Amino acid sequence: MIAPDERLPWPQMVAMGLQHVVAMFGATVLAPLLMGFDPNIAILMSGVGTLIFFFIVRGRVPSYLGSSFAFISVVIAATGYAGGGDNANLPVALGGIIACGVLYVLIGLIVNAAGTRWIERMMPPVVTGAVVAVIGLNLAPVVVKGVNANDFDRWMSLATVLCVGSVAVFARGAIQKLLILVGLMSAYVLYWLLTNVLGLGTPIDFGPVVQAPWIGLPRFTAPAFSTEAILLIAPVALVLVAENLGHIKAVSAMTGRNLDSSIGRAFIGDGVATIVSGSIGGTGVTTYGENIGVMAVTRVYSTLVFVIAALAAICLGFSPKFGAAISTIPTAVLGGVSIVVFGLITIAGARFWVENRVDFSQNGNLIVAAVTMILGAGDFTLQFGDFKLGGIGTATFGAIILNALLNRKKAV
């Protein structure tokens with residue numbers, strides 16, 4: 001095992017760094033496309049955010065920061081984004097993302113001073129699992145509606161699901177770990193054969209890719225601050241806290257090192273990275289489970305590997321041709337991959353219950369999970385004057401409040 005403070009020879013370090021870029025690539029690009037963000041900015045800010053995180057945690061926590069899926073539903077709700085192309089109300093979403101980052105930093109400062117026990121009491125596994133599952137369920141109607149344009153797109157989306165599923169089940173080694181990326185590429189080639197070659201659907205237009213320069217600045221966007229968008233998006237910080245805490249605990253277990261003293265700094269680093277990303281047009285960021293999976297397989301936990309990965313991502317962010325190529329991904333293929341990804345997010349919540357042995361024979365746990373799932377899946381919205389609290393926000397706060405009321409005797 002290569003520990004966080006240890007190093008490999010430089011050729012191996014570079015190879016490991018590039019492997020982490022590939023691991024985060026599929027999800028980091030998919031999230032901005034679903035929200036109407038510029039994928040070039042998302043890739044660029046994933047690299048910048050990872051460097052910010054590295055310096056704030058003083059190089060002690062091996063993690064890569066990529067686009068967070070927790071923002072998708074609230075951004076869509078705040079901007080009215082209908083899918084396809086650029087998000088016309090992007091500045092409003094960016095203001096909410098910045099506010100979320102500020103709240104995240106404040107939580108990190110409190111954790112630095114008071115520890116994490118209060119978070120664990122407020123968001124025990126029954127709450128965290130339900131909130132994570134709700135993110136996937138809440139997005140289900142959005143993605144299904146997005147692939148219903150015509151019969152060809154519907155069938156192509158199902159074919160994409162089959163491509164990703166086949167990679168997940170039948171591939172081995174590194175390819176299996178990159179199931180989203182490899183599955184997407186396979187479906188892309190299939191779509192190209194069916195449309196550009198056989199003429200069965202709308203062909204892929206490669207003109208913008210040919211015309212785009214290899215090197216250039218991405219499209220920066222300034223934020224705009226709306227109270228409604230801020231109140232809708234900022235609570236996502238609670239989801240990021242639970243996610244980051246789980247990732248740090250996982251890395252701590254794998255490395256055999258107690259990283260509890262770095263949890264507050266990790267929250268602050270993630271929060272600052274989210275603020276910086278939102279300031280110029282990027283998505284909110286979070287530590288990536290995909291890269292933790294790579295570390296588990298390779299047993300290389302050196303934090304310097306992530307510096308190399310971050311620098312490689314920054315280089316990709318300054319290539320308009322790369323962004324133009326990403327933009328050619330057909331809606332049907334994107335929709336099929338989204339069905340798999342959002343389903344996996346939902347199952348990740350259930351898996352969290354199983355791994356933490358949540359006792360559903362206790363009626364308190366049962367009610368917390370059941371109500372949270374339905375509030376989120378049904379997009380239960382509360383109105384406070386001109387402000388609307390959407391499904392994920394209602395489910396998150398509902399889970400925390402119900403747990404506090406019904407599970408007062410024993411946190412589980």
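Helix α13 covers residues 263–280, 18 of them, and runs 27 Å from first C-alpha to last. That is close to the 26 Å expected at 1.5 Å a residue, where the expected span is 1.5 Å times one less than the number of residues. Keep in mind that this is a predicted model: local features need pLDDT of at least 70, side-chain atom pairs count only at pLDDT 80 or more, and totals for chains, interfaces and linings use all residues. Residues are numbered from 1 along each chain as its sequence is written, and side-chain values use heavy atoms, with hydrogens and water left out.

**Helix α13 and its surroundings**

- Helices (H or I, at least four residues) and strands (E, at least two) are DSSP runs, numbered from the N terminus.
- Plenty of α13 is buried, including Ile 263, Gly 264, Phe 267, Asp 270 and Ser 277; buried means under 20% relative accessible area, exposed over 50%, and partly exposed in between (1.4 Å probe, protein chains only).
- Among the elements covering those buried residues are the helices α2 (39–56), α4 (90–114) and α12 (236–255), plus the strands β1 (65–67) and β2 (285–287).
- Right after α13 comes Gly 281, with a positive phi near 115°.
- On the other side, Ser 262 sits in the loop between α12 and α13 and is buried at 4% relative accessibility.
- Leaving aside neighbours within four places in sequence, Ser 262 is in contact (heavy atoms within 4.5 Å) with Arg 60 and Val 61.

**Salt bridges**

- Side chains of opposite charge can pair when their charged atoms come close.
- The whole structure has 5 salt bridges, each being a side-chain nitrogen of Lys or Arg within 4 Å of a carboxyl oxygen of Asp or Glu.
- Arg 257 pairs with Asp 5 at 3.2 Å, N to O. This one links distant parts of the chain, 252 residues apart: Arg 257 is in the loop between α12 and α13, and Asp 5 is in the segment before α1 (10–35).
- Arg 257 itself is partly exposed, at 34% relative accessible area.
- Asp 86 and Arg 219 meet at 3.0 Å, N to O. Asp 86 lies in the loop between α3 (72–79) and α4, and Arg 219 in the loop between α10 and α11 (227–233), so the pair ties together parts 133 residues apart in sequence.
- In that pair, Asp 86 is exposed at 52%, while Arg 219 is partly exposed at 47%.
- Glu 355 bridges to Arg 351, with the closest N and O atoms 2.8 Å apart. The two are 4 residues apart in helix α17 (residues 331–355), about one helical turn, and both are exposed.
- Asp 38, Asp 86 and Arg 219 are joined into one network by salt bridges that share partners.

**Nonpolar surface patch**

- Val 189, Trp 192, Leu 193, Val 197, Leu 198, Leu 200, Phe 206 and Val 210 make up a nonpolar surface patch with about 740 Å² of accessible area together; areas come from the Shrake-Rupley method with a 1.4 Å probe, and for residues only the protein chains shown count as cover.
- Patches take residues with over 30% relative accessible area and no salt bridge, joining like charges within 9 Å and nonpolar side chains (Val, Leu, Ile, Met, Phe, Trp, Tyr) within 5 Å.
- Helix α9 (residues 179–197) gives the most, with 4 residues.
- Leu 200 belongs to the loop between α9 and α10 (207–211) and is exposed at 51%.

**Cysteines**

- The search finds 0 disulfides, a disulfide being a pair of cysteine sulfur atoms within 2.5 Å.
- Cys 100 is buried at 0% relative accessible area, whereas Cys 315 is exposed at 59%.
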